[in-house]
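Biologist: Let us go through this fold piece by piece. I will ask what justifies each label.

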Amino acid sequence: MTETVRVLVVDDHPVVRSGLIGMLAVTEDIEVVAEAGDGEEALAQVAATNPDVVLMDLRMPRRDGVSATGAIVSTYPSTKVLVLTTYDTDTDILHAVEAGAAGYLLKDTPHAELLEGIRAASRGETVLAPPVAARLMNRLRTPAPPAAAQPSPRELEVLAAVARGLSNAEIGRELFIGEATVKTHLQRLFTKLEVDDRTRAVTVAIERGLLPSPGAR
């Protein structure tokens, strides 16, 4: 008898989530045990239902898919995370793989391939959409660039102020620098941390120990 794969569907778009659940519901060997609309809810549902596979979106409110993937993989090693997203940039792929995702599929993946990907992930196999696999291979063939410089103390001061919720103008007044200078520091930080927005910059800095975690004293 074929073993049933228990799946948690995580996506912040209710219509997409419902569509996935409807598709999986008619598949005999796959059972949807729960759903979640963001990374925080996903962690709670993993704890409550212990799924075999988490079908994980990337860009979500409260907690994104990469952060949730890392937390799930480290806390629940028997649960496999299969990313299902519209994003196929090198940065998104690498962050997901580094977080411990068992696979990375795109939302235009044919249904049959998605179902087989879920089954393969549950068996501990690596699942990659062809465009994603090609990007990773190209990345491996390309010589690594020199290590990015570490953020300067001043740049970290600016980022710490961002973490406290200050605007560029407020940061400038607090640090006695112009708003244009604040923007320059942030752009340099984005480059050094390989991110493209303020929220991700703060998250990565905390993950790397460059800024204290929100609850730290």
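Modeller: Start with β1 and β3: 4 bridges join them, and the two strands run parallel. Keep in mind that this is a predicted model.

Biologist: What makes β1 and β3 a pair?

Modeller: A pair needs at least two bridges. β1 and β3 have 4 bridges, so they count as paired. Within that pair, L8 stands opposite V54 in β3.

Biologist: Which helix packs on the sheet there, touching β1, β2, β3 and β4?

Modeller: That is α1. Its direction makes about 165 degrees with that of β2.

Biologist: What is the strand order of the open sheet?

Modeller: The 6 strands run β2-β1-β3-β4-β5-β6, with parallel pairing.

Biologist: Why is one side of β2 and of β6 left without a neighbour in the sheet?

Modeller: β2 (30–36) and β6 (127–128) stand at the edges. Each has a single partner strand, so one side of each stays free of a neighbour in the sheet.

Biologist: How do you know that β4 pairs with β3 and with β5?

Modeller: Apply the cut-off of at least two bridges again. β3 and β4 are joined by 4 bridges and run parallel. β4 and β5 also pair in the parallel sense, over 4 bridges. Both counts meet the cut-off, so both pairings hold. On one side, L55 stands opposite L82 in β4. On the other, L84 stands opposite L105 in β5.

Biologist: Which helices complete the β-α-β units that involve β4?

Modeller: Helix α3 (residues 65–75) does so with β3 and β4, in a right-handed unit. α4 does so with β4 and β5, and that unit is right-handed as well.

Biologist: Is β4 mostly covered or mostly open?

Modeller: Mostly covered: 5 of its 6 residues are buried.

Biologist: Which residues touch the most other members of the largest nonpolar core?

Modeller: V7, L24, L55, L82, Y104, L114 and I118, out of 31 residues in that core. Among the elements that each supply at least two residues are β1 (5–10), α1 (14–25), β3 (53–56) and β4 (80–85). α5 gives the most, with 5 residues.

Biologist: What does L55 touch?

Modeller: Leaving out residues up to four places away in sequence, L55 touches V7, L8, V9, V10, L20, L24, L82, L84, L114 and I118. Apart from this core lies another one, of 19 residues, including A161, I177, L193 and L211.

Biologist: Where do the domain bounds fall?

Modeller: The domain assignment gives domain 1 (5–141) and domain 2 (153–208). Their C-alpha centres lie 31 Å apart.

Biologist: Why is E155 called buried?

Modeller: Buried means under 20% relative accessible area. E155 has 3%, so the label applies. E155 sits in helix α7 (residues 153–163). Beyond residues up to four places away in sequence, E155 touches H185, R188, L189 and K192.

Biologist: And for the whole protein, how many helices and strands are there?

Modeller: There are 10 helices and 6 strands. Buried residues make up 42% of the 217 residues. The C-alpha atoms fill a box of roughly 70 × 40 × 30 Å along the principal axes.

Key. Residues numbered from 1 in each chain as written. Predicted model: local features only at pLDDT ≥ 70, side-chain atom pairs only at ≥ 80, totals over all residues. Heavy atoms only, no water. Core = buried A, V, L, I, M, F, W, Y, C linked by side-chain atoms within 4.5 Å. Buried < 20%, exposed > 50% of the residue type's maximum accessible area, 1.4 Å probe, protein only. Contact = heavy atoms within 4.5 Å. Domains from an automatic or database assignment. Right-handed = clockwise from strand over helix to strand, strands pointing away. Axes fitted to C-alpha atoms, helices over the stretch in contact; angles between N-to-C directions.
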